Amino acid sequence: MSTVAANAPGAVGGGLADVAASEASLRRFLHGLPGVDAVGLEARASSLGTRSIKTSAKAYAIDLAISMIDLTTLEGADTAGKVRSLCTKARHPDPSDPGCPPVAAVCVYPDMVATARAAVEGTGIHVASVATAFPSGRAGLPVKLADTAEAVAAGADEIDMVIDRGAFLSGRYLQVFEEIAAVRAACRRTDGRPDAHLKVIFETGELQTYDNVRRASWLAMLAGADFIKTSTGKVAVNATPPVTLLMLEAVRDFHAATGTQVGVKPAGGIRTTKDAMKYLVMVNETLGDSWLSADWFRFGASSLLNDLLMQRQKLTTGRYSGPDYVTVD
């Protein structure tokens with residue numbers, strides 16, 4: 001068992017049910033987590049980023065990365081036509097090559113979920129929706145729950161919620177915990193279909209310290225997150241290798257303590273195939289093969305897809321394609 005898991009209050013026998021019994025107990029647990037060795041974390045992330053993937057392994061990794069992308073449009077000018085176009089690209093990222101895998105999901109605002117649902121029905125591609133007053137999270141809980149319920153009712157398979165960073169940074173951990181748990185409950189369906197999965201976004205660029213990222217990771221997992229996600233992609237600092245590595249380590253430690261597997265999604269700032277390869281190596285080295293699938297790891301990086309497609313064609317044909325080879329999102 002890891003250091004964190006071994007020191008976790010209530011972790012004997014894998015149980016952590018009493019941790020959130022009160023604000024005091026939750027604070028005691030989160031502030032009792034070992035402090036992050038920033039130098040060691042950054043050195044480890046840098047070292048993993050030097051690993052090289054070549055030839056057939058690279059081809060496999062490119063297809064794996066494509067299959068892990070959440071293809072996203074989250075703009076005020078989004079239209080039904082734009083969402084349908086995005087879904088077409090999600091189904092057939094490279095129309096000239098039927099062997100190219102589809103992406104994992106399309107991610108849209110709640111009012112566009114029904115359009116996306118109709119466009120990917122029967123393909124196995126998930127529909128994700130941001131909710132809870134994305135990206136700021138500045139709304140009351142009833143509004144956040146209504147936002148979530150609307151998306152789930154329209155057919156969302158996944159909900160990407162943002163935590164209240166103000167509450168977290170003010171030390172109101174139980175409030176954040178209870179909001180995550182309430183949104184998780186709003187992801188339930190009553191018609192027999194599987195519940196929508198919940199991805200919890202931290203906006204790590206606003207959390208200030210690595211220790212806060214570790215605390216937020218544990219807080220979200222304790223509250224029932226199916227995935228923990230770095231960022232909205234709407235701020236200056238989004239996913240970074242050290243922060244993602246720290247979240248992967250938190251997931252590893254949580255699994256050791258509870259037996260529960262949780263996914264990870266770095267989002268924002270991942271633009272090249274080389275970047276994606278670094279993250280896949282990080283997942284493999286930290287969590288192993290069990291997490292190397294779209295069920296447990298995603299890229300929130302729509303611009304990444306075009307570079308992966310260009311590199312994929314280079315491996316296939318031996319040359320780079322022209323600038324009109326891939327669509328512009």
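**Figure 1. S56, an exposed residue of helix α4.** S56 counts as exposed because its relative accessibility is 60%, above the 50% cut-off. The model shown in every view is predicted. S56 belongs to helix α4, which covers residues 55-67. Its C-alpha lies 9.1 Å from that of L315. In sequence, S56 and L315 are 259 residues apart.

**Figure 2. Helix α13 and its packing partners.** Helix α13 takes in residues 302-317. At 1.5 Å a residue, its 16 residues should span 22 Å. The end C-alpha atoms of α13 are 24 Å apart, so the expected and modelled spans agree. Which residues of α13 are buried? They are S302, L304, L305, N306, L308, L309, Q311, R312 and Q313. These buried residues pack against two helices with lower numbers, α4 and α5 (80-91), and against α12 (273-287). Strand β1 (70-72) is also among the elements they pack against. G318 follows α13 and has a positive phi, near 85 degrees.

**Figure 3. The nonpolar cores.** The largest nonpolar core holds 97 residues. Within this core, L26, W218, L280 and F299 have the most contacts. Helix α11, residues 241-258, gives the most to the core, with nine residues. A second core is separate and has seven residues. C107, A128, V130 and F134 are among the members of this second core.

**Figure 4. The contact of helices α3 and α11.** Two packed helices are described by the angle between their axes and by the distance between those axes. Helix α3 (residues 38-48) packs on α11 at an angle of about 100 degrees. The two axes are 9 Å apart. The angle therefore makes α3 roughly perpendicular to α11, a class that runs from 65 to 115 degrees. From α3, the contact includes L41, E42, R44, A45 and L48. From α11, these residues meet P241, P242, L245, L246 and E249. How many residues of the contact are nonpolar, polar and charged? Seven are nonpolar, none is polar and three are charged.

**Figure 5. The loop between β3 and α7.** This loop joins strand β3 (126-130) to helix α7 (141-153). P135 sits in the loop. The peptide bond from F134 to P135 is cis, and its omega is near 0 degrees. F134 is also one of the residues of the second nonpolar core. A133 has its place in the loop between β3 and α7 too. A133 is not a glycine, yet its phi is positive, about 60 degrees.

**Figure 6. E203, a buried residue with positive phi.** E203 is found in the loop between β5 (197-201) and α10. Its phi is positive, about 55 degrees, although E203 is not a glycine. Is E203 buried or exposed? E203 counts as buried because its relative accessibility is 1%, under the 20% cut-off.

**Figure 7. N212 in helix α10.** Helix α10 spans residues 210-223 and contains N212. The relative accessibility of N212 is 10%, so this residue counts as buried. Which residues does N212 touch, leaving aside those up to four places away in sequence? N212 touches F168, L169 and L207.

Notes. Residues numbered from 1 in each chain as written. Predicted model: local features only at pLDDT ≥ 70, side-chain atom pairs only at ≥ 80, totals over all residues. Heavy atoms only, no water. Core = buried A, V, L, I, M, F, W, Y, C linked by side-chain atoms within 4.5 Å. Buried < 20%, exposed > 50% of the residue type's maximum accessible area, 1.4 Å probe, protein only. Helix = DSSP H or I, 4+ residues; strand = E, 2+ residues; numbered from the N terminus. Expected span 1.5 Å × (residues − 1). Contact = heavy atoms within 4.5 Å. Axes fitted to C-alpha atoms, helices over the stretch in contact; angles between N-to-C directions. Parallel < 35°, antiparallel > 145°, perpendicular 65-115°, else oblique. Nonpolar A, V, L, I, M, F, W, Y, C, P; charged D, E, K, R; others polar.
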